[in-house]
Amino acid sequence: MNPATSTSIATTTSVNATESSAVSGSRAPLPAVWRIALARGRVELKAFFRERQSVVFILAMPAVMLILLGAIFANEQTGHGVSVGDLYVAGLIGGGVMATSYQNLGISIAFERERFTLKRLRGTPMPPAAYFAGKIIQVIVAAIAETAVLMLIGVLFYHLGLPRSLAVWWTFTWVFLLGVAACSLLGIAASSVPRSAARNGVAVITLPFVVLQFISGVYVPFFLVPSWLQDIAALFPLEWMCRGMRQVFVPHAVALEPGQPWQPGQTALVLSVWVVAGLILCLTTFRWQNKRDR
Amino acid sequence: MNATGLAVSVQGLRKSYGGVKAVNGIDLGIARGEVFALLGPNGAGKTTTVEILEGYRDRDDGEVSVLGTDPRRGGAAWRARIGIVLQLASDAPELTVAEMVTHFAGFYPSPRRPAEVIDLVGLTDKARSRIHSLSGGQQRRLDVALGLVGDPELLFLDEPTTGFDPAARRAFWEVVHALSGSGVTVLLTTHYLDEAAALADRVAVIRDGVIVAAGSPADLGGRAVAEAVVSWQDDDGTRSERTAEPTRLVASLAASFGGEIPGLTVSRPSLEDVYLDLIGGQR
């Protein structure tokens, strides 16, 4: 009935089974995993939306950047009938998805580990799967909220046209979900990197994200990025997420795309590889306690 | 498995970190319903021992049984029967006390009522307050509530009153008394002697990874039968004498003074004397 015992050798499993049936006669069964997962999701969402730090730093930042960059470059035209504002809407939706997944999880889990939140949860009968399910629920809700806010700003201020065809929404959906999955897993893995969450956690998690935003077409239109930096950006998920969002929201900017435009097959492939790599990193590095805690 | 009536049984427990022997051969037996205190200076091996029992750490050697299960193989059903109050845990600052306790109750098969647990630790007034607004002592009481809400058979309290003011400590001790009255087994670690004396049925003193003495607080280290020191005043000033028979000495002094003995005191080594002696004057 619990995964930890099922891996042990047959004799101990049977001993444990007898023991637990002996004591569980009068005992209620453990609550279902999905129930605890939903409860975790609810608590994660409450904590996220009540925390000023996460709402300002994670949720509001991309919207502020969009308004700011859009205002600064309001009169810039790129030619081909594409305004810089349109490119920023698409780029910041990609950046916003990474902020609400990678940056959000990387920082929050680093703090949870340092403040013994994870250790305390590990000491209860809560199944680990429920913890991660709760994080997924929180990330997806925050990423949808983020994307909706950015789309709204785009429609109100930059004449952003929302896609009309179902096929384009389907592209949006899979780019969004694969991007959330890859960046969430990378965020969980990155949470183990800083030696101390309080001292340098935010910087260590955020620095690579800021660099990627500059070279992947979030803060600077991608066609302006030097090609050697474009090649580096193409190794990471953010560039492909932004490319997918440009395909969805500014398809008329196709002439500005460097090299082969869109490449949805390549996008799906790179993001899937990062999902697998992130999962392997998480499974091998995730710890419920700080190494130095003894 | 409960034939011995032991909630916790440990034999020959050993654990090293990079060649340093943190725990070096510990034997322990804690009866069901007992309040047992593990006493010792920082770095003596208290926390390592307790974390092995809680299933947080693996051991190098030894036999360990907690509620009839080896913590190495303790799954969710076993965790549902223990409660852990961590040192210095602080999290979920934006949730309220009631939300947090109710959330933790949801992990357990047959939890206690959250409102009842909040009341037990004296946080009813604060139930709707955000956790970040609590004082240090109130947060600690919340930690205790979270350890209790699953209705555990065995509760681990790791240095529970560090940072409490004296009134909060008294209030907390009352909570532990109430728990042990309801049959919960408690394993407490502390470096406060008065706390061990006030709460524990039995105390073990740990030093350099081994238990150097164990017994009730009253006769720890042979305190009850140790030689007493009788002191009194006479013409030469204060005099004192060590004796195994203080009553006889006092009687003979009374006879020689013909009544009241000036400045009479009879003392046995205090728990603190015994403790400092046992840990080798490390403090």
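Let me start with helix α5 of chain B, residues 136-148, in what is a predicted model. At 1.5 Å a residue, its 13 residues should span 18 Å, and the end C-alpha atoms are 19 Å apart, so the expected and modelled lengths agree. How much of α5(B) is covered, and what covers it? The helix is mostly covered, since ten of its 13 residues are buried, and these buried residues include Arg140(B), Arg141(B) and Asp143(B) as well as Leu142(B), Val144(B) and Leu146(B). Among the elements that cover them are the strands β5 (82-85) and β6 (154-158) of chain B, together with the helices α3 (97-105), α4 (114-120) and α6 (166-181) of that chain.

Two of those covering strands, β5 and β6 of chain B, bring us to the sheet, where they stand next to each other in the order β5-β6-β7-β3-β8-β9. This is an open sheet of six strands in chain B, and its pairing is mixed. Which strands stand at the edges? They are β5 and β9 of chain B, and because each has a single partner strand, one side of each is left without a neighbour in the sheet. On average, neighbouring strands of this sheet are turned by 15° against each other, direction ignored. Within the sheet, β3 (residues 35-39) and β7 (residues 185-190) of chain B pair in the parallel sense over five bridges, and Val35(B) stands opposite Val186(B) in β7(B).

Across part of this sheet lies another helix, α9 of chain B, residues 271-278, which crosses β3, β8 (202-207) and β9 of chain B and runs at about 30° to β8(B).

That helix leads me to one residue, Leu220(B), which sits in the loop between β9 (210-215) and β10 (228-234) of chain B. Is Leu220(B) buried or exposed? Although it belongs to a loop, Leu220(B) is buried, because 25 other C-beta atoms lie within 10 Å, where 20 or more are needed for that label. Leaving aside residues up to four places away in sequence, Leu220(B) touches Val203(B), Ala213(B), Gly215(B), Leu271(B) and Val274(B). By contrast, Thr161(B), 59 residues away along the chain, has its C-alpha atom 22 Å from that of Leu220(B).

Finally, let me step back to the whole of chain B, which is divided into domain 1, covering 6-222, and domain 2, covering 227-267. Taken over C-alpha atoms, the centres of these two domains of chain B are separated by 44 Å.

Definitions and conventions:
Residues numbered from 1 in each chain as written. Chains lettered and ligands numbered in written order. Predicted model: local features only at pLDDT ≥ 70, side-chain atom pairs only at ≥ 80, totals over all residues. Domains from an automatic or database assignment. Helix = DSSP H or I, 4+ residues; strand = E, 2+ residues; numbered from the N terminus. Buried ≥ 20, exposed ≤ 12 C-beta atoms within 10 Å, placed from the backbone. Contact = placed C-beta atoms within 7 Å. Expected span 1.5 Å × (residues − 1). Pairing = 2+ DSSP bridges. Axes fitted to C-alpha atoms, helices over the stretch in contact; angles between N-to-C directions.
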